[in-house]
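Biologist: I'd like to learn how to read a protein model. Could we go through a few features together?

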Amino acid sequence: MASPAVNLGEIKNMSPLQGVYPPAPAGGEPGFMTTNPISQFLARVSQNIIQHRNSLDLINPGVMENINKEVSKDVFLSLYQFTGLKADINKTFAMNPVFQIAHSFAVGSKLPAYSFTSIIANDQALVQGTIDNELSLTGRLNYSWDKHIVSKISLQLAHGQPSMCQLEHEYQGNDFSLQLKALNPDFSGPKYNGLLIGSIMQSITKKLSLGMETVYNAMDPNGPAQAAISLAGRYNAGDWIASAQLQAQGAIVGSFWRKVAPNFEAGLETTIQASQQPVMSEAMMMPTIQTNIEANTVLGAKYEFRQSIYRGQLESNGDVSFMLEHRILPTIGLIFNGSINQFKNTSKLGCGIQIETAGSEEIMMMQNGMVDQNGNPIQGAPQMN
């Protein structure tokens, strides 16, 4: 007779010792595997560890790649900068699930002259695809098996560039996070080719979490594989967060984020990179190895008004950057960004517009904040005549 099926939720809630030792037969005595001193000792140790972890009331620390996201993704504007002119037109056709398309135009920048994006998403899955005027295609699929497990697939077929496929799997526990990545995995040959990345973040206290990341690089089929380990730590005090990373490439990265006011944030990040290169000397015919140390510090700030967001950034290499996002109407926004470096005598400027349109009157009312997702009027919101 087939055994009853066990769903993922039941497996996730099992104690680490459940299912390891066979249960006692019905109406019989416990077996040797559950009564010997070693098994009983391990069971007591495991239960004590579980009870101690539960008593600490720890929280999930997030994945290691987001260890300094408050600084690098929220405050700094490096991910949002562009040059030239840009226009984005987004149109939403449905809200549950969300179905949206976007047209993007760019002039005088490294961005494609035209790209088309389509997105469909609900609470469990997200599918996104983009194609540009050079027929370069990128796609992304995120699927949540439950509130703890997420799988992701990213694809890229770019003109004149090698294709890319990335597989990713995350497990978000109560006080830890596991993440596995595989870039261009190839199991067809006699040995594995590709890049494997595994990371873990574990909460030690309510504020302190530590992490480790391992990279296995076998991208070159003709060369030997390489492995490296990176270490990280993060301290979250609520209104300020400090993090540090010791990367395998010989770099040390330290960041600090501070919530100065309800609408004002500031961030600081310092990177120290050590590298080695051969140098020929006049006295010796053989090259000598010279160690170079480079450092860069970035200071940024973000200020939010009711309809505008200001970002400013100052780097130790001389770059001074700013960005303004201003919402003229709930469906129309303007973007201005620029940077200047007096030491290098360079400057950049970018201007953009974002337009959001609705496929129906109900969606337009949602975008304007007049009704909620269920179509119920929001108290205090302006109503259409």
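Biologist: Which residue follows H3, and what is the sign of its phi?

Modeller: Keep in mind that this is a predicted model. Right after H3 comes Asp57, and its phi is positive, near 55 degrees.

Biologist: And H3 itself, how many residues does it have and how far does it reach?

Modeller: H3 covers residues 37-56, which makes 20 residues. From first C-alpha to last it spans 29 Å, close to the 28 Å you'd expect at 1.5 Å a residue.

Biologist: Where else should I look for a positive phi in a residue other than glycine?

Modeller: Try Leu135, with phi near 65 degrees. You'll find Leu135 in the loop between strand S4 (125-132) and strand S5 (137-144). Asn345 is another one that isn't a glycine, and its phi is about 60 degrees. Asn345 sits in the loop between strand S18 (332-341) and strand S19 (346-358).

Biologist: Are those two buried or exposed?

Modeller: Leu135 is exposed, at 66% relative accessible area, and Asn345 is exposed too, at 69%.

Biologist: OK, on to salt bridges. What's the general idea?

Modeller: Side chains with opposite charges can pair when their charged atoms come close. Here we use a cut-off of within 4 Å between the nitrogen and the oxygen, and the count comes to nine salt bridges.

Biologist: Which partner does Arg234 meet, and at what distance?

Modeller: Arg234 pairs with Glu70, at 2.9 Å from N to O. Since Arg234 belongs to strand S11 (residues 226-236) and Glu70 to helix H4 (residues 69-75), the pair ties together parts that are 164 residues apart in sequence. Arg234 is buried, with a relative accessible area of 9%, and Glu70 is buried as well, at 10%. There's also a network of salt bridges here, linking Lys69, Glu70 and Arg234.

Biologist: What does the salt bridge between Arg311 and Glu325 look like?

Modeller: Their side chains meet at 2.7 Å, N to O. Arg311 lies in strand S16 (residues 308-315) and Glu325 in strand S17 (residues 319-329), so this pair ties together parts 14 residues apart in sequence. Arg311 counts as buried at 7% relative accessibility, whereas Glu325 is partly exposed at 25%.

Biologist: And which residue forms a salt bridge with Lys259?

Modeller: That's Glu265, with the closest N and O atoms 3.3 Å apart. Lys259 is partly exposed, with a relative accessible area of 29%, while Glu265 is buried, at 10%.

Key. Residues numbered from 1 in each chain as written. Predicted model: local features only at pLDDT ≥ 70, side-chain atom pairs only at ≥ 80, totals over all residues. Heavy atoms only, no water. Helix = DSSP H or I, 4+ residues; strand = E, 2+ residues; numbered from the N terminus. Expected span 1.5 Å × (residues − 1). Buried < 20%, exposed > 50% of the residue type's maximum accessible area, 1.4 Å probe, protein only.
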